[in-house]
Amino acid sequence: MEMTKRILLVAAAMAACACQKTKESQVTVVSGETEQTVSEIHRLPLYDHTDSVRMGSHLYAYSIHREACDSLPVVVDENGLRYADNLYILRITRSGQPFFKRTFTKAQFAGKLTGNFRTQGILDGFRFVSAREGRLLFAVCVSQPESDMSAPFLLTIGGDGSYSITQDNVMDVEEDLSEDGV
């Protein structure tokens, strides 16, 4: 009998804990086919990509690292879902020597963002496009999470290590490059 009381007491304690956890995440939003809790913060997974490209007599090796950053403001979409914004670290060596290293956040693109992208967008895309005319081109994207709404940019790294950011007005960078014959 004493053992039965203990088992019931442990079961009741577990049920109480389960109820408390359920109360913390009671509010859910059904978005498409998935159900998500409003109180949780959604994060993109870590991402690392390394590759190289030859331009002229130099071999440029680059690495792109993405991580969700808790020190950046949380982005809340129109459904109340919360997303961690990301930072990207771009490292480039030229012929084995350090050439370029910079951390990018949405802040570097904020002056060029329109509409809800400043408040509801996250930095979520960063990829190498091409090496031409002494410059390295990277496509960068600020998007509204879980949507096809995005603000595309081109990041150009000059031969002297300087960089510039311009809006990408072409829908597909690769198509634009193939039209130029590159």
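Me: What percentage of the 182 residues of the chain count as buried?
Reply: The model is a predicted one. A residue counts as buried when its relative accessible area is under 20%. Of the 182 residues in the chain, the share that meets this is 37%.

Me: How many helices and how many strands does the chain have?
Reply: Helices need at least four residues and strands at least two. On that basis the chain has three helices and 13 strands.

Me: Is strand 10 largely enclosed or not enclosed by the rest of the structure?
Reply: Strand 10 covers residues 122-132. Eight of its eleven residues are buried, so strand 10 is largely enclosed.

Me: Which strand pairs with strand 10 over nine bridges, and in what sense?
Reply: Strand 10 forms a hairpin with its partner, with two residues between them. One facing pair is Gly125 and Cys141, the latter in strand 11. The partner is strand 11 (residues 135-143), and the sense is antiparallel.

Me: Which residue in the turn between strand 10 and strand 11 has a positive phi?
Reply: The turn belongs to the hairpin of these two strands, which has two residues between them. The phi in question is about 50 degrees, and the residue is Glu133.

Me: With which residue does the side chain of Glu133 meet in a salt bridge?
Reply: Glu133 has 69% relative accessibility, over the 50% limit, so Glu133 counts as exposed. Its partner has 31% relative accessibility and counts as partly exposed. The N to O distance is 3.1 Å, and the partner is Arg135.

Me: Which residue forms a salt bridge with Asp70?
Reply: Three salt bridges are present in the structure. In the Asp70 pair, the closest N and O atoms are 2.3 Å apart. The pair links distant parts of the chain, with Asp70 in the loop between strand 5 and strand 6 and its partner 27 residues apart, in the loop between strand 3 and strand 4. Asp70 is exposed at 60%, and the partner, partly exposed at 42%, is Arg43.

Me: Are Asp85 and Lys106, which form a salt bridge, buried or exposed?
Reply: The closest N and O atoms of this pair are 3.6 Å apart. Asp85 lies in the loop between strand 7 and strand 8 and Lys106 in the loop between strand 9 and helix 2, so the pair ties together parts that are 21 residues apart in sequence. Relative accessibility is 3% for Asp85 and 12% for Lys106. Both values are under 20%, so Asp85 and Lys106 count as buried.

Me: What is the order of the three strands in the open sheet with mixed pairing?
Reply: The edge strands, each pairing on one side only, are strand 3 (41-42) and strand 6 (75-76). Strand 3 runs parallel to strand 7 (residues 82-83), joined by two bridges. The order is 3-7-6.

Me: Which residue in strand 7 is the bridge partner of His42?
Reply: Strand 3 and strand 7 are joined by two bridges. The partner of His42 in strand 7 is Tyr83.

Me: How many disulfides does the structure hold?
Reply: A disulfide needs two cysteine sulfur atoms within 2.5 Å. Cys69 is buried at 12% relative accessibility, and Cys141 is buried at 18%. The number of disulfides in the structure is zero.

Technical notes:
Residues numbered from 1 in each chain as written. Predicted model: local features only at pLDDT ≥ 70, side-chain atom pairs only at ≥ 80, totals over all residues. Heavy atoms only, no water. Buried < 20%, exposed > 50% of the residue type's maximum accessible area, 1.4 Å probe, protein only. Pairing = 2+ DSSP bridges. Salt bridge = Lys/Arg side-chain N within 4 Å of Asp/Glu carboxyl O.
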